[in-house]
Each structure stands twice: as C-alpha cells, then as structure tokens.
Amino acid sequence: MKITAINLETVRVTERVDWTFVHIDTDEGIRGLGELNPAVRRSDHLGTVRPMSDALIGRDPRQIEKLVALFDPAKLDRFGFRVLSALDQALWDILGKWLAAPVYALLGGACRDEIRLYANINRATRGDRSPTAFARNAAQAVADGFDAVKLAPFDGLPRGIDSAADAADGIAAMRAVRDAIGPGVDLLVDCHSRFTAKGALDVAAALRELDLYWFEEPVPDEDYDGYREVKARCGIPVAGGESRMHRRGFWEAINRDTLDYAMPDVTIVGGISELKKVATLAEARDIPTAPHGPFGPVTTATSVHAMAAHPLFPILEYAWGEAPWRRDLIQPAENIVNGRVPLPQLPGLGVELNAETVAQHRIANPSTR
C-alpha cells in the first residue's frame, strides 16, 4: 500500500474558530482521517503541511513508527508538531481499516466500555461571560446529560495575577456555576496560566469550598517551581500540559512531580502514537492521563481510541455547545449518551466526515499534493 495524496478540508465553526481535517489517500482506496489543531490556520497550511506531506507520498502508511521517525522532534516547531499530530491520526485510521479493527484494539485493547466526558462550556460562552451566562450554560450541559463541567473564567485577565482580589469576577462565575449545577456534578476550572504561585494559592483558597475536581494550568508551563508549590499546598488536584509537545516536552513536568493529572492534546503532542507514550510515561508515576482537546469530533474520536486502551484514564474533554451541527459533521453521527461515548466498533477511528454537512460550512483550502 502506498500514500498517493494528502488533502485538507476546513469548516467554519464560529467567527473565531475553524476546524481543519486531513485526509490521507492510498492506492488501495483506503482513506485516513485526522484533525489539525485550530492554531494551524489556513495561512500556515502550505508552509507547513505541504513539505511534511511530500515526505510521505509514495510510502507505506501502515509503517507508522517508521513514518513518524522521518520527522526529528528537535527540529519541528509548534506548527510542525500540529501537522504531525494530524497525519499520525490519519495513519492509525488507515491501519485500523486495513486490519478491519478499531484503533483501540491495535493499541492493546479496551480497558473500558465507554469514555466519560466533561463539558467544556468556555467556547460556548461567548460575548456575555458573566457569572449568569456561565451558570446558564453549565446548567444546560448538565441537562444534556453531562455530570462534569469545566470553564475558564479568568481569560480576560493578564498573566501574573498575584491575588484572588484581582480575580473576583472569575471566582464569582465559579460560585454561580456550582450553585447552578449542584453538589453532585464534578466542577473543573481552567486558569490558562494566569497566576503566579502566590496568586494561584490565593484563588485556590477562595475556590476550595466548591469541591473542585481539578485546578488546571494555574501558572505558566515553564514555572516548574510554581507548579510544585501549588500542587503541594493548594488542596486541589492540579492538571496541565496541554501545550507540551512530544514525550520530551512532558518528561520534565512528570519528573519534577508537578502534575496530578497529565493533559496531553492529541492535536499537539504528536498524535495518537505520542499520546499513548506520554500516557505510559505518566502512568509510571501513577499520574492519570486526561487529554485536552476542546476541538472537533475527530479530535474527540482519536482521544477516545487512545484512552480506551489506557488503564489510568479518568475523563476526557468535550467542547460543548460550540456548533449546533457538530454531531452531524461526522458519520456515524457523534454518539454521546449521558455524558459518555460508547466505544466505537467500526474499523479505524470509526468515523468519516459527512460530505453534506461539510459542504454547508466549507472554507476553500489549497491542495497540499
């Protein structure tokens, strides 16, 4: 089997967000599907996707480790890792289809029958980001069947916030959401690295009464000492790592004991191959892996397969409420039951783009090859 072409398909989701998908075609008619991180905008497609795609044309897509090794992680920039991540997803999709098996079966087999999701309501809460708006969306997500909700209420703040007093609006939003969803639903907060260690501890103290599931990215990635201090003293499990690339990017964070939950992103870390390696690295320190990925349904599908085959997995991110047509962007339609994804049984990733829905929201892309 040989790779014959690699092409892109982009749909407009909101005024700020596009989802771009990668198709890898083969001479045996098997087509693989992956999703690019939204940070790779169309202006970057030709400059990053084309040369990496050219390196794969004519090669056997089933030799995933060999193909991934063509790209030196020390020489890839952040766009390069995002492109590699999408290509890797599509290669696994091809291999699963060729073997007539779901990808998770190729990764070691299922450790569970379903994947628990949490509803990230942040992207659905646009424009009005008041406590009332966050609470309304959180309550709707729970009504939709989710029993875990996350928001990032501090996004309007600059970096380096040093006290809870400067984050009062975000704290008020968290309290409003807890009141709206009640005590029986897990509540997660994403700080998007807005705080110093001192500020994070101050905010954690203000939020402790809310019984949070985790405290995500309280300080910048590079502040290892700050992470260690917050983890040791805040009284809430600390999660992070969504922007880290490759297992090399996670080694220091895990080795320095900075995380209670590792959050590699399948569209950033290097695809399914690298996500599994990072999860195994974290598992060696008894750290659960809960992938980041508030993007399109193919990102969710790839993460589902990777985590279905990982024993130390608690929960997966889901971009709730961003696009009302999201469910129908793939075939079969995205299937979420009571905040869970039943494991797919079809070969490969088990999903394809729905041509009709794509046509309704398509943005033209230049061909890569």
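**Figure 1. Residues at the contact of helices H10 and H11 in the predicted model.** From H10, Ile272, Leu275, Lys276 and Ala279 meet Thr302, Ala306 and Met307 of H11. By class, this contact comprises five nonpolar residues, one polar residue and one charged residue. H10 spans residues 271–283 and H11 spans residues 297–308. The two helices pack at an angle of about 40°, and their axes lie 10 Å apart. H10 and H11 are therefore oblique to each other. The crossing of H10 past H11 is right-handed.

**Figure 2. Helix H11 and its buried residues.** The helix has twelve residues. From the first C-alpha of H11 to the last, the distance is 16 Å, close to the 16 Å expected at 1.5 Å a residue. Twelve of the twelve residues of H11 are buried, so the helix is largely enclosed by the rest of the structure. Among these buried residues are Thr302, Ala306 and Met307, which also take part in the contact with H10. The buried residues further include Pro297, Val298, His305 and Ala308.

**Figure 3. Helix H7 and the elements that cover its buried residues.** H7 comprises residues 197–207 and is mostly covered, with eight of its eleven residues buried. The buried residues are Ala197, Gly199, Ala200, Leu201, Val203, Ala204, Ala206 and Leu207. Their cover includes two helices, H6 (168–181) and H8 (224–233), together with two strands, E6 (186–190) and E7 (214–216).

**Figure 4. Surroundings of Leu87 in helix H3.** Leu87 belongs to H3, which covers residues 78–99. The relative accessible area of Leu87 is 2%, and the residue is therefore buried, a state that requires a value under 20%. When neighbours within four places in sequence are left aside, Leu87 is in contact with Ile6, Val22, Ile24, Met52 and Leu56. Val49 stands 38 residues from Leu87 along the chain, and the C-alpha atoms of these two residues are separated by 9.4 Å.

**Figure 5. Asn354 in the loop between strand E13 and helix H12.** Strand E13 consists of residues 352–353 and helix H12 of residues 355–361, with Asn354 in the loop between them. Asn354 has a relative accessibility of 13% and so counts as buried, since the cut-off is under 20%. Neighbours within four places in sequence being left aside, the contacts of Asn354 are with Asp328, Leu329, Ile330 and Gln331.

Conventions: Residues are numbered from 1 along each chain as its sequence is written. This is a predicted model: local features need pLDDT of at least 70, side-chain atom pairs count only at pLDDT 80 or more; totals for chains, interfaces and linings use all residues. Side-chain values use heavy atoms; hydrogens and water are left out. Helices (H or I, at least four residues) and strands (E, at least two) are DSSP runs, numbered from the N terminus. Buried means under 20% relative accessible area, exposed over 50%, partly exposed in between (1.4 Å probe, protein chains only). Contact means heavy atoms within 4.5 Å. Axes are lines fitted to C-alpha atoms, for helices over the stretch in contact, and angles run from 0 to 180 degrees between N-to-C directions. Angles under 35 degrees count as roughly parallel, over 145 as roughly antiparallel, 65 to 115 as roughly perpendicular and the rest as oblique. A crossing is left-handed if the near helix is turned anticlockwise from the far one by less than a right angle, and right-handed if clockwise. Ala, Val, Leu, Ile, Met, Phe, Trp, Tyr, Cys and Pro count as nonpolar, Asp, Glu, Lys and Arg as charged, and the others, Gly among them, as polar. The expected span of a helix is 1.5 Å times one less than its number of residues.
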